[in-house]
Amino acid sequence: MLDQTGRQTPSRRPLPAHEGSAAQRFLTGLATPGGAVFVLVLVLLLAVVASNPTFGEPDRLVRFLARSTPIALIAIGQYFVIVSGEFDLSMGSVIAAQVVMAGNLIGQDDSRILPVMALMVVIGALVGIVNGLATTLLGVPSFIVTLGTMLALSGLVFYLTGGAATGNPTDTFREIGRGGLEGVPGIELLPYPLLILVAVSVAAWWLMRRPYGVTLVATGDNPSAAEVSGARVWWVKTRAFVLSSLSATLAGIILVGQAGVHPSVGRGYEFIAITAVVLGGVVLGGGRGWVLSAAAGAIALDLLFTLLNFRDIPATWRDTVQGVIIILAVALAGRAWRGGLRLPTGRRRTPTPSRAPDADDPTPAAHPTHRPPGHHQGEMRP
Amino acid sequence: MSRLARQSRPLRRRAVRSAAAAAAAALVLSACGSTDQSAQTEDDSSDAGSSAEQGSDTESGKDSQWFDQAVFDTQDEQRGATFEGDPEQPWLQYIDGEMTDTQQYAADGAQKACFANASISNPWRQTGWITMNQQLEVLVDEGVISEMETRDAEDDDNKQIADIDYFIEEGGCDVFIISPNSTAAMTPAVERACETGKPVIVFDRGVETDCYTTFIHPIGGYAWGIDTANFLAENLEEGDKVVALRILPGVDVLENRWAAADQIFSEEGIEAVDYFTGADPAEIKKIISDELAKGDVAGVWMDAGDGAVAAIEAFEDAGADLPVMTGEDEMSFLRKWEETGLTGLAPVYSNFQWRTPLLAAQKVFAGEEVPTEWVLPQTPITEAERADYLADNEGMPDGHYAKFGGEDLPGYPEVWEERQIP
């Protein structure tokens, strides 16, 4: 996010991304990895429509977006964690646990829908709190913590189901994932998942503009600097983990409707989420990237898989493609963020060693002295 | 011949473990990690199957390494065979053949059974396991069996080998009942059990030895493939497209089902594309909706019924005509089949076989001869019979199997309705 740099004192030159007219800024934005993913979505969409013209019909597009909603949601959730410099590997298991719980606890009884949903939210939040506190207070790397939560939850699902499918819950509950608004002009059905995705996207975008979002990115960029500038890093990160588990919970609720109850639902979703996030140009390790780009990354990924399918490329290649994407996206995004936001060579700013850290400046990124050696950050490099 | 009768299902526990390994790999290599891969088995043959078999353009039908014309012909014939015994008790029926003399095992008083189970990690095995325990109750009451000690290998070959060896060393067993996790890996352990001189009863999936007293299984995977593919071919036109939804590669009974079906599809001029789903309903829906976007899908073939409902829902969601479809005798499919009125068939991998091993033990201890290869009937449920099976199993949960064969056992129907898994 650029917010943190927006508060620099006027004595500094503004960043390229903040210069020029709206159109120029838009183009500069598109040139960053976070913006390029939207171009990628468009290109892939055109490619898919080229291989299969019916895909361009509004009904089909809307259904496709609804189908991609669960992974877009978890990509948004994973974004919060990744941008704060951590990982959440437990998402797939959270989805599976929530799906199985919904199946077992709601059953055919409509009156249980709301209490069980409340319970699911509580459990989702609890998982996030455990992940967050173990990572921040106990100092266990999030990779290990969430791997542990993933296994623990998988075990729980296995215990609850014996590994086999249980029945689907009542259709009223499944309507959230399967149903939609009728009578919208131009399309047969406006699926509820799509409405949920729009609402969550807006909320996430808003949250990232709030002080919390700014602090979150700053924490991912440089936790020590964030700490000294007054951010409670443990709480900021813990909330990111909670957001992540809650997004998985929401994805689970939708998947119960879209797919049905089976312990395999959600399997592998943590990797899809991570792939989507890095494809959206978010830097692994934190501190860079836009939340909506993560959601766009998820859509791009699903479009890519659909394209491969329409081109009759065997599904075996999907894992390989996903792996290559992660490597390329991580490599490119790291470079491109630095390159795209750096001042052009020759106009480099001279370092200002005399400038004392501004105690009133709430933006931690403005404290270069606390940056650990080797921690590159494009616009601040001398 | 033993391999043809293996029953196999997605192996969840293993999926968990390999997902963990995949997790480590994914962030180190930043590669891998997705659905079908984590459902791998450790089956000796899975490596050959996982990549080579995927996609529609790979070797198929007769060319497949899983296709054996001789076994295909045998099972095709057995589909129409006459079964000895009372049709009201199909779990005791068998095809006339070689018998094992068991007089040496005749014993007085209650005997101890030891059961090495592959897993109960899918609804088919869970249903059978419940039935088996109710059958056990009867035999304990009759004073035939004192107790049954069970070890669950949780889909793990190594654990099952250790379980069998434990039974041999310390179990004090009078009869070994083994439901092998995989064919080749379990063979030496089964041979060790045979060397104890006690009767050994193998059921469901097979082993590569014939040292057992009896090997109990329904006809097999080819018969499933023949029943289902013939049904689709009869109800479809030449050139129609069938989407084949397969749970996972490399497990021979599932591969045999597909090899036989694929063979028939190609003979009949039906275009079939196959996908591995890991039984994940989200994956199944994606596959169907993408296939529907590509063009009409006239038929759906499944190598196991898990996920059949998701496949039908995908057609409903897309507003497409429902396909001609084969699922399984799982209640979820039978119910959805009736509700939608589609043209369908429910092939059966006779779940009642879980009763037979204990009843075989009873015969063995009585010194009565038992079939050396005990081939049980395996008859699909047709649309005409569906209503009866639905009515008989009205209170049963979706994961129950209609041909579970436990109606005359104590605890019916509550134990199955409540899924009281011991």
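# Notebook: the sheet of chain B and its surroundings

I started at the end of a strand, where Pro218(B) stands opposite Leu376(B) in S15(B). One pair further in my list, I found Ile216(B) opposite Trp374(B), again in S15(B). Both entries belong to the pairing of strand S8 (residues 214–218) of chain B with S15(B), which runs in the parallel sense over four bridges. I note here that I am reading a predicted model.

I then looked up how the side chains of S15(B) are directed, and I found Glu373(B) and Val375(B) pointing one way and Trp374(B) and Leu376(B) the other, with all of them buried. I set beside this that side chains in a regular strand alternate between the two faces of the sheet.

**The whole sheet.** Next I followed the pairing outwards, and I recorded an open sheet of six strands in chain B, in the order S5-S4-S6-S7-S8-S15, with parallel pairing. Its edges are strand S5 (145–152) and strand S15 (373–376) of chain B, each of which pairs on one side only. From one strand to the next the twist averages 15 degrees. I also checked what lies against the sheet: helix H12 (residues 356–365) of chain B packs on it, touching strand S4 (111–117), S5, strand S6 (175–179), strand S7 (200–203), S8 and S15, and the direction of H12 makes about 155 degrees with that of S7(B).

**Ile201(B).** I chose this residue because it lies in strand S7 of chain B and is buried, with 25 other C-beta atoms within 10 Å, where 20 or more are needed. Which residues does Ile201(B) touch, not counting those up to four places away in sequence? I listed Val175(B), Phe176(B), Ile177(B), Tyr212(B), Thr213(B), Thr214(B), Ile216(B), Pro357(B), Ala360(B) and Ala361(B). For a distance I took Leu345(B), which is 144 residues from Ile201(B) in sequence and 32 Å from it in space, C-alpha to C-alpha.

**Ala106(B).** I turned to a loop residue, Ala106(B), which sits between strand S3 (99–100) and S4 of chain B. Is Ala106(B) buried or exposed? Ala106(B) counts as exposed, because it has 11 C-beta neighbours inside 10 Å and the limit is 12 or fewer. Leaving aside neighbours within four places in sequence, I found Ala106(B) in contact with Phe365(B), Ala366(B) and Gly367(B). Its C-alpha atom is separated by 23 Å from that of Asn133(B), 27 residues apart along the chain.

**A helix pair.** I also examined helix H7 (residues 221–235) and helix H8 (residues 252–268) of chain B, which pack at an angle of about 35 degrees with their axes 7 Å apart. The crossing of H7(B) and H8(B) is right-handed. Among the residues making the contact I noted Trp224(B), Ile226(B) and Ala229(B) of H7(B), and Leu254(B), Trp258(B) and Phe265(B) of H8(B). The residues of this contact divide into 13 nonpolar, five polar and two charged.

**Confidence.** Lastly I looked up the scores, and chain B averages a pLDDT of 85, with 85% of the residues at 70 or above. Over residues 1–58 of chain B the pLDDT is below 50, although this stretch has 155 contacts in the model beyond near neighbours in sequence. Where pLDDT is low, predicted coordinates should not be read in detail. For the complex, the predictor gives an ipTM of 0.76 and a pTM of 0.79.

Methods: Residues numbered from 1 in each chain as written. Chains lettered and ligands numbered in written order. Predicted model: local features only at pLDDT ≥ 70, side-chain atom pairs only at ≥ 80, totals over all residues. Axes fitted to C-alpha atoms, helices over the stretch in contact; angles between N-to-C directions. Helix = DSSP H or I, 4+ residues; strand = E, 2+ residues; numbered from the N terminus. Left-handed = near helix turned anticlockwise from the far one by under 90°. Contact = placed C-beta atoms within 7 Å. Nonpolar A, V, L, I, M, F, W, Y, C, P; charged D, E, K, R; others polar. Pairing = 2+ DSSP bridges. pLDDT = per-residue confidence, 0-100.
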